[in-house]
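This report goes through selected side-chain contacts and surface features of the structure shown below. Please keep the sequence at hand while reading.

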Amino acid sequence: MKKKKKEIQPDTSRLPKTIASVMEPYGLTEDGVVCSAPIDMNLSGEFTKGYVLLSKEKLYVLISEAIPGEMIYFKGSENLHKMSQQTAREWTVSEYDLKQVLNFTVERNVMGGVLVKIDKAPGVDYEAEGDGPKPEGEATVIAAFSNKCMGGIARMEKVGRKLQKGEEITEEDIKDKSAEAYCPTCGSMYPDADRKICPKCMNTKNIFFRILGYLKPYRGRILIMFLCYIATACLNLVWPYLNGTVLYDKVLARNEAFLQAMKLPAGKFALALGLVALAMIVTKLLTQFVGIVQGVLTAKIAPYMVKDLKNDVFRSMGSLSVGFFTSKQTGSLMTRVMYDAEEVQGLFIDGLPYFVTNVFSIIAMAIIMFKMNVLLAIVSLIGMPIVFFVSWRMLPRLWHRYGRAHRASRSMNARINDNLTGARVVKAFGQEESEMERFNKTNERVRSADLEVVKYDNAFWGIYNVAESMASLMVLTVSAYLIIVKKQIDVGFMMTFAGYVTQLTGPMDFFSHFFRWFTNTMNSAQRMFEIMDAIPEIREKEHPVHLDHVKGDVEMKNVTFGYEKNKPVLKDVSLSAEAGKMLGIVGRSGAGKTTIVNLISRLYDPWEGSVTLDGVDLRDLDFATLHGNVAMVSQETYIFRGTIAENIAYARRDASREEIVRAAVLASAHDFICKLPDGYDTLVGTGRRDLSGGERQRISIARAILCNPKILILDEATAAVDTETEMAIQKSINLLINGRTTISIAHRLSTLRDASELVVIDDGKVTERGTHDELVAQKGTYYKLKELQTKALALKGIE
Amino acid sequence: MGLTTFQAADDDFNLEQMEEETEEMLRLRYLNRENAVFKKTSGGFVSLDTFGEHYDRVRVVRSFPFTDPTHYISIRVADEKSKEIGMILDIGKDVDAETKAMLEEQMNLRYFTPIITKIKDIKDEYGHAYFDVETNEGPCKFVIYMNSSSVVHLTDTRLLITDLDGNRFEIPDYSKFSAKELKKLDLFL
Ligand SMILES: Nc1ncnc2c1ncn2[C@@H]1O[C@H](COP(=O)(O)OP(=O)(O)O)[C@@H](O)[C@H]1O
Ligand SMILES: [Mg+2]
C-alpha cells in the first residue's frame, strides 16, 4: 500500500490521553501514575476497553461499556494506520486504597485471567504477623482480561506489591517489556516485537530481490548467460525462416530476385542451395555452442549460490536456541533446507533466464508473424490467452490439492513413525487393532487427497492440451485456405509459419509451469528466510566477554523464568555456588530444578534477574567460555548417531583415543563398552544397537569428564540406574567433582550430604536453604524427606 | 491439613503421620450434596465447607474440559499449590441445582473461549496466519503461528485455535461452515 508515511506512534504514556479527562475528577495526572496497563474485558466477561492505573496510594480500574459489534484486536492484528478514531465511551471508575487492601493477585484462567483484590481479614494485626502467609479476608474480582493484557497486569501486580511494602520502584520495574512495535511501512503490529519482521510486508517482491542479492557476486557470468539466452532465441527465430521461406520459396522455387538480393550470379541455384545448407548447419552449430557455454556457466554459478544460501541458513540454525527447535517441531528441518535451497537455485539459474528468453522470443515471433501475415498471426496467437487463462485459473487449485495430499502423507508418515518407534508399547498393550484402525483413517485421508489430485490433474491437462491443439488446428485450416483457395501464400511460407507456431507452444508450456514454479520457489525461499530471520533468542553479544581463567563462581539473582509466555516456572529464585564447592538442589518433581540448570547452562535466558559466572552475566559471556566450562550430565541423556567414541568426544572433537578411554574408565563405562563386539566403534543412536538407560548415562558422564569443565551440572545423573551401578557412578562422580563447582540435583539425599549448601525448591521458589545439618535442625521439608528416605532404607534392612 | 503441618515443624517427625499424608494424596475424595456445602461469596467466588474444613475461596477445574465437561469436576484450594480438596463425579446429579449453577458460573469464567461463528478472512503471510472472524463474543481479529500446534483437532470436526498470546478460539464443528469459509480454512484441515 502506497501511503504517505505518517509518523504514528502508539500512545505509550502512563496515563493514556483518552482517559486523562476521565481521571481529572480523581485528581490523577500523568505524573501521579506509577504504572498502567490496559485490560480488554468487563466483569461480566464481555470484550471492551479498560485500564488499570496504579498511583502511589491507590489502584484505579477503569472499564468502559461494551460496544456491540466493535472489532476486538488480538496480538499482531492491530494496525496503527487503521486504528479507529477513539469513540467516545462511558467509563466506570473504581478506586481501591492500597493501605486498606492486603494485596492484589492475578488468578489465571484458560484464556487470560482476573485481578483479585484480597481484603485484610478483620481483627488481625498485620504489623505483628511475620513474613509467612497471612490470613486473607474477602476476595473480590475487580478486573478481567485476556492473555493479551496478562503481561502488563502481571507487571503491575509486582509493582503494586513493592509499593505496599514501601520499596523503591525502579525504571526496570515499570518498563513495559511487552511493548508492542509496529511496522513502519504498513502499520501492522509485529507478531514479535523483538524480531521486527512484518509478515505482511515480507511479500514475494522482497523475497525475490533478497534472493537476487545472492547472485550479485556472479554478475559478470550472469550477464554472459543472458546474452547466450538471447542468442539462442535469435537463432531459434532464424531456423524456421531458413528452413521454410528461404529453402522452399526462394531457392527451390528458383526465385531470381532472391539471388540478386544475395548478390549471387543469376541461375546458380545449386550454389545458393549449398550456401543455404551451410547457413543452416552454422545455425545449428551455433545453437549447440551457445548451449554448451550456458551449461558451463550454470555449473559455475549454481553450486556456489546454493552453498551460500545453505551456509546462511545453517549458520542461523546453529545459533538458534533449544526453544526454536521445540516450538517449530522441525524433525526434518535439515532435509527441508537442502530441498529449499535447490529449489531456489533451480528457479534463479534455470528458470529466470529462460523466462526472459521466452518473453523475448514470444514478442519477436509475434512481430515477425504479424509482418508475414496478419490473418495467420491473429489466428495462431488467439489461442494463447485461452491457454494462459486456463493455467492461470486452474493451476493454483491444482497446487493447492497437491499441498493437501502432501500434508496428508506427511501426517501418515508421522503415524507410521510413531508406531515403529513405539512398537513395543503397542504390542505390550495389545493395541495392534486400534492402531490399525487409526492408521486406516489417516491412510484413507491420503487416498482421497491423492485421488483429488489425480482427478484435477487430468482435468487440467485435458483442457490445456485441447486449447493448445485447437490453436494449431486453426492455423493449419486457415493456411490451407490461404494456399489453396486464395493462393496468397506458398508452402515454404506455411512451413516457416508452422515452425513459429510450434516454437510458440514451447514458451507457452513453459509459462504455464513457470507460475507454479515461481510460487513454489518463493515459498521455499520464504521458509529459508524465516529461519535466517528468526533472531536466536539465545545469542552471543556483539563484543562478548571472554574469560581465559574461569574460577567457577555461579550466581543466580532474582530470576523469574517460564517456558511459555505468562506462565512463570521459576519465581524470584536466588542462589549461588562458590568456586570449587557443591550446591545441592532438592525438590519435588516438577518443582523447577531442571529449569534452574537449564538457565545456568544458558539453554534459555531468564525473563527477569540474571545468572552470572564469575560475576559476568551469561548474556555478556562468549559461547566459547560458556561451553568450554559448563558441562551437564542430565536426566535425559542424548545419544547422537555415531560411534560410542564419537559420542564421548562430542564436546571435544580433538580428544585422543587415550583420553577417551580414560574418561570412559572414570565413568565406569569402559567395561560395558569393551563387552560390545564393536567396542568403542559400536554405532549407537541408530536404533540398531540400543543402549540401556544406565549405559547411556555413563556415556554422558564420560562426555562430561572429557570436557573437563569448571562447572559441572548433575541433573539426577543416576536416576536411570540400579543401585550397584549407581554406587560405581557415584564413585566416578566423586572423582569428577574434585576442584569443580558442582551443581547437583539428586533424589537420593545421601549423595548431597557433602554439599556446601543445599536449597529446597518448591513450586518454583526457594523455600529452605542451608547446610545439611542446618536444614535437619530446621526440621522442614528437607528434614522430612531425609527421614523418609532413611526410614524407608531401614525398613528394607529389617526385611 | 497437609499444608499446615508442613510448616509446623516443631512437632517431632513421625512416620505414621507422613504415611497418612501420602495416603491422602492417593485418595480420590468425592464431594456431593451430603458432605459439601458451597456458597457464593460477595466477591464473586465460591466458598466450601467440607469434612470439617472451611475454604474461603475454591478453584473449580474440569478434568476433561473437552471430552466430558460435566463429570469429574475437581475442587481445589485457590493458592499456588492448588491442592485438590475433592472431586464432583457428576455435576448434574451429585449437587443441587443452585450449587450446579454456582459452579458452572465459575467454570464458564475459567474456560471462557470465544466460539467462531463465521470466517470472514484468513490470510497466510510469512509464517503467520491472520484471522478475521465473527465470534459469539463479537468480531475478532487475531494472528497465529503457522505450525501444527496452533490449530489442534480435538475431534474430526472440532478445532481449537491458539493465537500468539495463547488466547484460544474454538470451532465446535467446521463442517457447518459454508463452502466459501471452508476454502479459507482448508489450509488447516
Ligand atoms: N520445555 C518445556 N516447555 C514447557 N513447560 C516445561 C518445559 N520443561 C519443563 N516444563 C514445566 O516446567 C515445570 C518445571 O519443570 P522441571 O524444571 O523439569 O522440573 P524438575 O526438574 O524439578 O522435575 C514443570 O511444570 C514442567 O511441566
Ligand atoms: Mg528434572
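## Salt bridges in chain A

Glu578(A) is exposed, because its relative accessible area of 53% is over the 50% cut-off. Its partner in a salt bridge is Lys581(A), with 3.4 Å between the closest N and O atoms. Lys581(A) has a relative accessible area of 37% and is partly exposed. The model described here is predicted.

Another salt bridge joins Asp553(A) to Lys551(A), where the closest N and O atoms are 3.0 Å apart. Lys551(A) is exposed, at 55% relative accessibility, whereas Asp553(A) is partly exposed, with a relative accessible area of 21%. The value for Asp553(A) falls between the cut-offs, since buried requires under 20% and exposed over 50%.

## A buried charge pair and a network

Lys786(A) and Glu787(A) also meet through their side chains in a salt bridge, at 3.5 Å from N to O. Are these two residues buried or exposed? Lys786(A) counts as buried at 15% relative accessibility, and Glu787(A) counts as buried at 14%. Both values are under 20%, so both residues meet the cut-off for buried.

Elsewhere, Lys49(A), Glu70(A) and Arg89(A) belong to one network, joined by salt bridges that share partners. Over all chains, the search of the whole structure gives 27 salt bridges.

## Aromatic contacts between the chains

There are 14 aromatic pairs in the structure, counted over all chains. One of them is formed by Phe74(A) and Phe169(B), in an edge-to-face arrangement. The ring centres are 5.2 Å apart and the planes make an angle of 85 degrees. Phe74(A) sits in the loop between β4 (72–73) and β5 (91–97) of chain A, and Phe169(B) sits in strand β12 (residues 168–171) of chain B, so this pair joins two chains.

How accessible is each ring residue of this pair? Phe74(A) has a relative accessible area of 0% and is buried. Phe169(B) is likewise buried, at 0% relative accessibility. Phe74(A) and Phe169(B) are also members of a cluster linked by ring pairs, together with Phe47(A), Phe112(B), Phe131(B) and Phe142(B).

## A positive surface patch

Arg393(A), Arg397(A), Lys118(B), Lys180(B) and Lys183(B) form a positive patch on the surface. Which helices each supply at least two residues of the patch? They are α10 (374–421) of chain A and α4 (179–185) of chain B.

Lys183(B) is located in helix α4 of chain B. Its relative accessibility is 65%, so Lys183(B) counts as exposed.

## A buried alanine in helix α19

Ala702(A) is part of helix α19 (residues 693–707) of chain A. With a relative accessible area of 0%, Ala702(A) is buried.

Ala702(A) and Val665(A) are 37 residues apart along the chain. The distance between their C-alpha atoms is 8.0 Å.

Technical notes
Residues numbered from 1 in each chain as written. Chains lettered and ligands numbered in written order. Predicted model: local features only at pLDDT ≥ 70, side-chain atom pairs only at ≥ 80, totals over all residues. Heavy atoms only, no water. Patch = residues over 30% accessible without salt bridge, like charges linked within 9 Å, V, L, I, M, F, W, Y side chains within 5 Å. Areas by Shrake-Rupley, 256 points an atom, 1.4 Å probe, with all protein chains shown as cover. Salt bridge = Lys/Arg side-chain N within 4 Å of Asp/Glu carboxyl O. Lys, Arg positive; Asp, Glu negative; His and termini not counted. Charge placed at Lys NZ, Arg CZ, Asp CG, Glu CD. Helix = DSSP H or I, 4+ residues; strand = E, 2+ residues; numbered from the N terminus. Buried < 20%, exposed > 50% of the residue type's maximum accessible area, 1.4 Å probe, protein only. Phe/Tyr/Trp six-rings, centres within 6.5 Å; stacked < 30°, edge-to-face > 60°.
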